[in-house]
Amino acid sequence: MVVEDKPPQPVAVPVKNNGEWFNPPTSHQEQPITSQHPIILAELGLKFYSEYINEVEKKFFQKQQG
């Protein structure tokens, strides 16, 4: 007999906000998400918004030459 002991893992679950249900994401930037662990999802969100803010700063706050 082989016994695998896996510790419990948290997973993202659907949430209800103002009467509307929202499911955890299944893809990110057209790539499938393979884990529903909240930390993985949070890291993807932080990466997305960090890149977004960098692009906004480049567009609107880049030093003018001349």
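Let me start with charge. In this predicted model, the protein carries 6 positive and 8 negative charges, and the mean positions of the two sets lie 8 Å apart.

Now the surface. About 6,600 Å² of the protein is exposed, and 56% of that comes from carbon and sulfur atoms. Of the 66 residues, 8% count as buried.

Next, the overall layout. There are 4 strands and 1 helix, and along the sequence they run β-β-β-β-α. The radius of gyration is 19 Å, well over the 11 Å that the globule rule gives for 66 residues, so the protein is more spread out than a compact globule. Along the principal axes, the C-alpha trace spans about 75 × 35 × 20 Å. As for contacts with a separation of 6 or more, 29% of them join residues 24 or more positions apart.

I will finish with two histidines. Histidine 28 sits in strand S3, residues 27-28. Is histidine 28 buried or exposed? Its relative accessible area is 17%, under the 20% cut-off, so histidine 28 is buried. Setting aside residues up to four places away in sequence, histidine 28 touches Ile33, Leu44 and Phe48.

Histidine 37 is in a loop, the one between strand S4 (31-32) and helix H1 (38-61). Histidine 37 also counts as buried, at 17% relative accessibility. Which residues does histidine 37 contact, leaving aside neighbours within four places in sequence? Those are Gln9 and Pro10. One distance to add: the C-alpha atoms of histidine 37 and proline 24 are separated by 10 Å, with the two residues 13 apart along the chain.

Technical notes. Residues numbered from 1 in each chain as written. Predicted model: local features only at pLDDT ≥ 70, side-chain atom pairs only at ≥ 80, totals over all residues. Heavy atoms only, no water. Helix = DSSP H or I, 4+ residues; strand = E, 2+ residues; numbered from the N terminus. Buried < 20%, exposed > 50% of the residue type's maximum accessible area, 1.4 Å probe, protein only. Contact = heavy atoms within 4.5 Å. Rg over C-alpha atoms; globule rule 2.2 N^0.38 Å. Areas by Shrake-Rupley, 256 points an atom, 1.4 Å probe, with all protein chains shown as cover. Lys, Arg positive; Asp, Glu negative; His and termini not counted. Charge placed at Lys NZ, Arg CZ, Asp CG, Glu CD.
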